[in-house]
Amino acid sequence: EGGASHNQGADIAVAPNGTIYVAFEAFSSQGVDTINFVRSTDCGRHWSQPVVVNTIDSPQAPGVAFRTPTFAFLATDSTSSNTVYAVYQNIVAGDYDIYAQRSTNGGATWSAPVQVNTDVAPPRHQIFPTIEVSNHALHVAWYDFRNSVTPTNEALDVYYSCTGCNGLSWPSFDTPERVTNVSHNGNCRMFGGGTVAFHGDYNELDAYWDGTNHIVHVTWADNRDVPGAQCDLSDDAGPPTNNIGNRNQNIYAAKITVGP
């Protein structure tokens, strides 16, 4: 990609007519990061020149100990090959929020960004979106710090919202729904012998239309089962091995039934 020092976070979607769409974050040598988009109409043998979906601000999330990379995610409409959605996190007013954009002409042009999540006071970060489309509805889930009560962002949850469902249409999203039933501390220092905070950005969402409702399945990485005493939040150096002091996240899942 011309002008970009490096790229990361590629996501792919295939339209009903076989068009391949790819989005990724491009880090420019001029210091401006962008969500870029390319497509192929011949099974990947040739690709279009990149189209900039939006310019983003993508530093490490302030007040969060684990890494917070900015990735772009794509989904296409199952019956309209030219309709494609891009969703990503972006810092606009001091904290990360989740934004969605739509193209109805195969990615040639894009709508203005729409904020998917709501914010509480004080605003908290929303990061790591995951998306899917079913029966013209765009489903979005993400990690959300809104239930934290301290500046250390100690309470992490998964939230979900959609457009094209519950009587709403683009660009209106419904009120975000909490998916997790227990908040967990995403900042646990469970790596590097208890010296490094890490949280998996391994959340995923899939959805289908059963003829009456959208059936949405969400999975995510969760620290709820890590004993508090083993969260290793101290600044003290951990043991000199990666095999002692490390803890594992568990994978949780939830099913959501959403009306048309």
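How much area does the protein chain expose, and what share of it do carbon and sulfur atoms supply? The exposed area is about 11,500 Å², and carbon and sulfur atoms supply 51% of it. The legends below refer to a predicted model.

**Figure 1. Overall view of the protein chain in the predicted model.** The chain contains 15 strands and 0 helices. Along the principal axes, its C-alpha atoms fill a box of roughly 55 × 45 × 35 Å. The radius of gyration is 19 Å, which agrees with the value near 18 Å that a compact globule of 260 residues would have. Of the 260 residues, 50% count as buried. Among contacts with a separation of 6 or more, 54% join residues that stand 24 or more positions apart.

**Figure 2. Close-up of the largest nonpolar core.** This core has 27 residues, and the members that touch the most others are Phe 66, Tyr 143, Tyr 160, Val 216 and Val 218. At least two core residues are supplied by each of the strands β9 (126-134), β10 (137-144), β11 (157-163), β13 (204-209), β14 (214-222) and β15 (250-258). Strand β14 gives the largest share, 4 residues.

**Figure 3. Close-up of Tyr 160 and its surroundings.** Neighbours within four places in sequence are left aside in this view. The contacts of Tyr 160 include His 139, Val 140, Ala 141 and Trp 142. Tyr 160 is also in contact with Thr 175, Pro 176, Glu 177 and Val 179. Leu 205, Val 216, Ile 256 and Val 258 are likewise among the residues in contact with Tyr 160.

**Figure 4. Close-up of Ser 40 in strand β3.** Strand β3 spans residues 33-40. Ser 40 counts as buried because its relative accessibility is 1%, and buried means under 20%. Its side chain reaches the backbone nitrogen of Gly 44 at 2.8 Å. The side chain of Ser 40 also reaches the backbone oxygen of His 46, at 2.8 Å. Not counting residues up to four places away in sequence, Ser 40 touches Gly 18, Thr 19, Ile 20, Arg 45, His 46 and Trp 47.

**Figure 5. Close-up of Ser 148 in the loop between β10 and β11.** With a relative accessibility of 7%, Ser 148 counts as buried. Apart from neighbours within four places in sequence, Ser 148 is in contact with Arg 124, Asn 153, Glu 154 and Ala 155.

Conventions: Residues are numbered from 1 along each chain as its sequence is written. This is a predicted model: local features need pLDDT of at least 70, side-chain atom pairs count only at pLDDT 80 or more; totals for chains, interfaces and linings use all residues. Side-chain values use heavy atoms; hydrogens and water are left out. A nonpolar core is a set of buried Ala, Val, Leu, Ile, Met, Phe, Trp, Tyr and Cys residues joined through side-chain atoms within 4.5 Å. Buried means under 20% relative accessible area, exposed over 50%, partly exposed in between (1.4 Å probe, protein chains only). Contact means heavy atoms within 4.5 Å. A polar contact is a pair of N or O atoms within 3.5 Å; within protein, one must be able to donate a hydrogen and the other to accept it, and residues adjacent in sequence count only if both atoms are side-chain atoms. The radius of gyration is taken over C-alpha atoms; the globule rule is 2.2 Å times the number of residues to the power 0.38. Accessible areas come from the Shrake-Rupley method with a 1.4 Å probe; for residues, only the protein chains shown count as cover.
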